Every structure is written in structure tokens, then in C-alpha cells.
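Biologist: I should like to learn how to read a chain from its contacts. Please take me through one case, beginning with a single residue.

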Amino acid sequence: MRRVVCREFGPVEKLVVEEEPDPEPGPGEVLVSVRTAGVSFVDGLLVRGGYQVKPELPFTPGMAVAGDVAAVGKGVTAPAVGDPVLGLCGRAGYASAVLLPAASAVPLPSGLSYEAAAACVEGYSTMLFAFTRRAPLNPGDVVLVLGAGGGVGLAAVDIAHNRGARVIAAASTADKREAALAAGAEAVIDYTNEDVKLRARELGGGGVDMVVDPVGGDHAEPALRALRPFGRYLVLGFASGTIPRLPANHTLLMNRSIIGVDWGDWGRRDPAAGAALTRELADLLAAGGVRPPEPSTYPLERAAEALTAIIERRATGKLALTP
Ligand SMILES: NC(=O)c1ccc[n+]([C@@H]2O[C@H](COP(=O)([O-])OP(=O)(O)OC[C@H]3O[C@@H](n4cnc5c(N)ncnc54)[C@H](OP(=O)(O)O)[C@@H]3O)[C@@H](O)[C@H]2O)c1
């Protein structure tokens, strides 16, 4: 097998591709021949040593894959050799083959390509977790999504739209805003030029019920101030590199709430709950109500190039590697 290896924290260009024999699945494990590995913002942070959790070196990035089962270990009744699966692998996904606990390999939802499936898992799991476990969404809610053309943002737009919410999408480029419209947003804001608070209030008919923020930085406070009474502000990440300091008086005013969302930590602390969410996502994808976009793909050897596009804010939607 071939895999991308990070031997020291630093620029993504230091990633190397190494060859080694395929591993044997142990009891309860399956070996997946990887067709596609999702690439994410978090992978770039991990490789550069900038994530809140530092993996032990050396490691292979990549938390989600889609592929075919190549071998199964003792005691595995499902999936079977040859089955197409979608798997969460923590780290290790940037490889031509990966070992997974059998329970972490769910059937590839029908109607979804390997590429779209592997690329969507992180963002869609995060937003399904957010909208079901942290801040249940009501039909008719107006949701303002920041960074709406990114992985988490597009998942938020698609799932919120599917659940009957009205979505206002904010993003920096025409490409990203178009992607958000295609995913179900009813209106867009160019937050490089427009006032987020005023435009969101205008488009939302006086305000919005929820803000989804994977970006942080300068737009956070105006977005908080666009919330109606009892509005909820979901903190998902800080892609801008700046953790906002939000004034507490704007939560007291109008009974607003700020809610942190950390899907990864939740799933690590409660693997059974995490696995149940993955099955829920697979069902949602199979039902066809949500439509993850096809990612732009790169060969395994160009992993650094894909990560650089994300780090430099050039990526619209998701990227994926095809070993
Ligand atoms: N809480 C959780 O459970 C969870 C799960 C997954 C990811 N995350 C976090 O969510 C954040 C977004 O992840 P993602 O997968 O959506 O990333 P992404 O696909 O790269 O999208 C991030 C978006 O942030 C905006 N952005 C603003 N300033 C940026 C900058 N300096 N560099 C890069 N992007 C910038 C960009 O949109 P514009 O150009 O339109 O501004 C970009 O499209 C990350 O911080 C990630 O760690 C959290």
C-alpha cells in the first residue's frame, strides 16, 4: 500500500508518500481498499502542529474514506469482501488501504459516489450533530451560515434546507456563494463588502434564529447581533485564525445563547453515540434528501497541493484524494 506520512510538524510540503505491505485485519477489523479520502481543514492544522490535539509522529492524516472491503478479520460478519463502504478512520485515510473496526465501515449510501461520500462525512456529521444534539433546528427557522462555501458551511446549508429552514449564506467569493445557492440557500451575503448584521436582519425579515460559524474573526460579532430574541449562535471553528471575543451583553439582550459544537470530541468520548450518528448520516444520505456536492479530486501524491488550496482559502466546497 501507499500512504502519505507526516514525520515532523511543519509545512504541508514536508509530507512524503511511502510504500509498505498491506496490513492484515485483526479480529473485528476490515481492510478497505481506498477509492477516495476526504481532505479537510483540520488535516492541515494537524500536519502543521496547530490543532488542539497533537498526534504522535509519524502519522497519516485523513479521517474519512470510501472504498471497497478487501479483507475481513476474525469474527466479522458484515461488511463482506467486495462491499463498498464509507468509513471514519480517525487518522490514516490518506492511503491506498486502511484498517477499520468493522462497526466503523457503513455501507456506501446508494446514489452517492465514493468521492462525494468520503468528502462529505466530516462536515455533514458535524452539522447533523449540531442540528440534532446541540441546537435542534425548527422548520421555518432562519439560519445564517458563515463560510458557507466551505466544507462545514455547505453541509450546514444543505442539512438546514433539508430540515425546512430558510438559509442565508455568507461567503467571500462569487464561486462560494453560488455553491451555497446550489446547496439550498435562499439568499447570499458577500461579507467582504456587505454589513453582515444589517443584511442578515434585512434578508431574515428582522433577524435570524441561528448563526452557524465555522470561521470566527471579524464577522462573528455582527452575526451575533443579527440574532432575534432567543436566537442561537453556534461556534464551530476558527478558520480565519482569529478566535472572536463576543460581548456577553449581547447574549443577555434578547435572551440569545452561544453554543459550542465539537463533534469529534463527542464521538471520541462516546464511540457508541458517534457510531449511531454515522449510521443516521448514512440513512440521511441514502434517503437522498441532502445532496453533498462532488469534490475536486487530487492524486495521493498531490496531498500537499490540496491542503495548500484549503489553507490559502482557495477551495470551494470539498477536496478529496484518489489513491
Ligand atoms: N466543531 C467541529 O466539530 C468541527 C468539525 C469540523 C471542522 N471544524 C472546524 O470548522 C472550521 C471550518 O472547517 P471547513 O472544513 O469548513 O473548512 P473549509 O472547507 O476550508 O472552509 C472554511 C471557510 O472559512 C473561510 N475562511 C475565512 N478566513 C479564512 C482563512 N484565513 N483561511 C481559510 N478559510 C478561511 C473561507 O470562506 P470565505 O472565503 O467565504 O470566508 C472557507 O471557505 C475549521 O476551523 C475546522 O477546524 C469544526
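Modeller: Two residues are in contact if their C-beta atoms, placed from the backbone, lie within 7 Å. Leaving aside neighbours within four places in sequence, Val32 is in contact with Val65, Gly67, Asp68, Val69, Ala70, Val85, Gly87, Ala97, Val98, Leu100 and Ala105. This is a predicted model: local features need pLDDT of at least 70, side-chain atom pairs count only at pLDDT 80 or more, and totals for chains, interfaces and linings use all residues. Residues are numbered from 1 along each chain as its sequence is written.

Biologist: Which residues touch the most other members of the largest nonpolar core?

Modeller: In soluble globular proteins, nonpolar side chains tend to be buried together. A residue is buried if 20 or more other C-beta atoms lie within 10 Å of its own, exposed if 12 or fewer, and partly exposed in between. A nonpolar core is a set of buried Ala, Val, Leu, Ile, Met, Phe, Trp, Tyr and Cys residues joined through C-beta atoms within 7 Å. Here the largest core has 106 residues, of which Val32, Ala118, Val145, Val157 and Ala169 touch the most other members. Helix α2 gives the most to this core, with 13 residues. Because domain 1 (2-120 + 291-321) and domain 2 (136-260) both contribute residues, the core lies between them; the domain bounds come from an automatic or database domain assignment.

Biologist: On which side of helix α9 do the buried residues lie?

Modeller: An α-helix has 3.6 residues a turn, so residues three or four places apart point the same way. Helices (H or I, at least four residues) and strands (E, at least two) are DSSP runs, numbered from the N terminus. In α9, the buried residues are Leu277, Thr278, Leu281 and Leu285. They cover an arc of only 105 degrees around the axis (from the directions to the C-beta atoms), which puts them on the same side of α9. On the other side, Ala272, Ala276, Arg279, Asp283 and Ala287 are exposed. The cover over the buried residues includes β5 (84-88), β7 (105-107) and α2 (114-134).

Biologist: Is Ser104 buried or exposed?

Modeller: Ser104 lies in the loop between β6 (97-101) and β7. This residue is buried, with 20 other C-beta atoms within 10 Å. Leaving aside its neighbours within four places in sequence, Ser104 is in contact with Gly87, Leu88 and Ala275.

Biologist: What share of the whole chain is buried?

Modeller: Buried residues make up 49% of the 323 residues.
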